[in-house]
Amino acid sequence: MKKLHIGGNIPTRLKQLCVYADDIMLVTRTKQAIINNFQKLQQEAIQYGLEVNQNKTKYMRHSRVQTNVKNKEIEIEGIKIEEGNSAKYLGTIMNAENLIEEEIKERIGAGNRSFFAHKKIFQSKLITRKPKERLYHTVIRPVVVYGSECWVLTENIKEKLLVFERRLLR
């Protein structure tokens, strides 16, 4: 990734590369910059025997000005990249409108899956309330509030989170 020389910050440069393990996100200000940087990334990946997954690769347009673009996909060296309304990076859902309702819904769903994975423990009559509470606070709640430091909570979202917590604690 260092060989690509894609870096910096958004206010001072036109491009930024966010990488963690196998999650890669290119942030640019122009369509041409995304094409150039994607080509660099693809060429460097090929040298190491890696390939870009065409099914998982999407782009998202974010602008204050709404435009009616007819072609919703970009083609780069035979790879068609379609436009998406949201993207998931490091477990957090981002969308063009900067709304977190989709993220909250996904987090509550993950909390429900975690609860049902441990359902036998929560329903057991052999385990007292204290260990069950500790399990909730150490396993399930962190799944739901992952990334919550960045959330701007409205009363509606707060109520959804409280309803989820009350339902599980009952």
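Leu-168 is found in helix H5, and in this predicted model the residue is buried, with a relative accessible area of 11%. The cut-off for that class is a relative accessible area under 20%, so the value for Leu-168 places the residue among the buried ones. Its C-alpha atom is separated by 48 Å from that of Glu-44, a residue 124 positions away along the chain.

**Helix pairs**

Two packed helices are described by the angle between their axes and the distance between the axes. Helix H5, which spans residues 155-169, is paired in this way with helix H4, which spans residues 129-144: the two axes come within 12 Å and cross at roughly 155°. That angle makes H4 roughly antiparallel to H5, because angles over 145 degrees are counted in that class. The crossing in which H4 passes H5 is right-handed.

Helix H4 also takes part in a pairing with helix H2, which covers residues 101-117, and here the axes come within 7 Å and cross at roughly 155°. H2 is therefore roughly antiparallel to H4, and the crossing in which H2 passes H4 is right-handed.

**Salt bridges**

The structure holds seven salt bridges, among them the three set out in the table, each with the distance between its closest N and O atoms.

| Salt bridge | N to O distance | Relative accessibility of the basic residue | Relative accessibility of the acidic residue |
|---|---|---|---|
| Lys-58 and Glu-82 | 3.6 Å | Lys-58, 41% | Glu-82, 41% |
| Arg-113 and Glu-106 | 3.7 Å | Arg-113, 52% | Glu-106, 27% |
| Lys-158 and Glu-155 | 3.6 Å | Lys-158, 35% | Glu-155, 60% |

The salt bridge between Lys-58 and Glu-82, whose closest N and O atoms are 3.6 Å apart, links distant parts of the chain, since Lys-58 lies in strand S3 (residues 58-59) and Glu-82 in strand S5 (residues 79-83), 24 residues apart. Lys-58 counts as partly exposed at 41% relative accessibility, and Glu-82, at 41%, counts as partly exposed as well.

How far apart along helix H5 are Lys-158 and Glu-155, whose side chains meet in another of these salt bridges? The two residues are three positions apart in the helix, and they are therefore separated by about one helical turn. Lys-158 is partly exposed at 35% relative accessibility, whereas Glu-155, at 60%, counts as exposed.

In the salt bridge that Arg-113 forms with Glu-106, the closest N and O atoms are 3.7 Å apart. Is Arg-113 buried or exposed? Its relative accessibility is 52%, and Arg-113 therefore counts as exposed, the cut-off for that class being over 50%. Glu-106, by contrast, is partly exposed, with a relative accessible area of 27%.

**A nonpolar surface patch**

Which residues form a nonpolar patch on the surface? The patch consists of Met-1, Val-19 and Ile-24, which together have about 240 Å² of accessible area. Of these residues, Ile-24 lies in strand S2, which runs over residues 23-28, and Ile-24 is partly exposed, with a relative accessible area of 36%. That value is over the 30% required of a patch member, so Ile-24 meets the accessibility condition for the patch.

Key. Residues numbered from 1 in each chain as written. Predicted model: local features only at pLDDT ≥ 70, side-chain atom pairs only at ≥ 80, totals over all residues. Heavy atoms only, no water. Patch = residues over 30% accessible without salt bridge, like charges linked within 9 Å, V, L, I, M, F, W, Y side chains within 5 Å. Areas by Shrake-Rupley, 256 points an atom, 1.4 Å probe, with all protein chains shown as cover. Salt bridge = Lys/Arg side-chain N within 4 Å of Asp/Glu carboxyl O. Helix = DSSP H or I, 4+ residues; strand = E, 2+ residues; numbered from the N terminus. Buried < 20%, exposed > 50% of the residue type's maximum accessible area, 1.4 Å probe, protein only. Axes fitted to C-alpha atoms, helices over the stretch in contact; angles between N-to-C directions. Parallel < 35°, antiparallel > 145°, perpendicular 65-115°, else oblique. Left-handed = near helix turned anticlockwise from the far one by under 90°.
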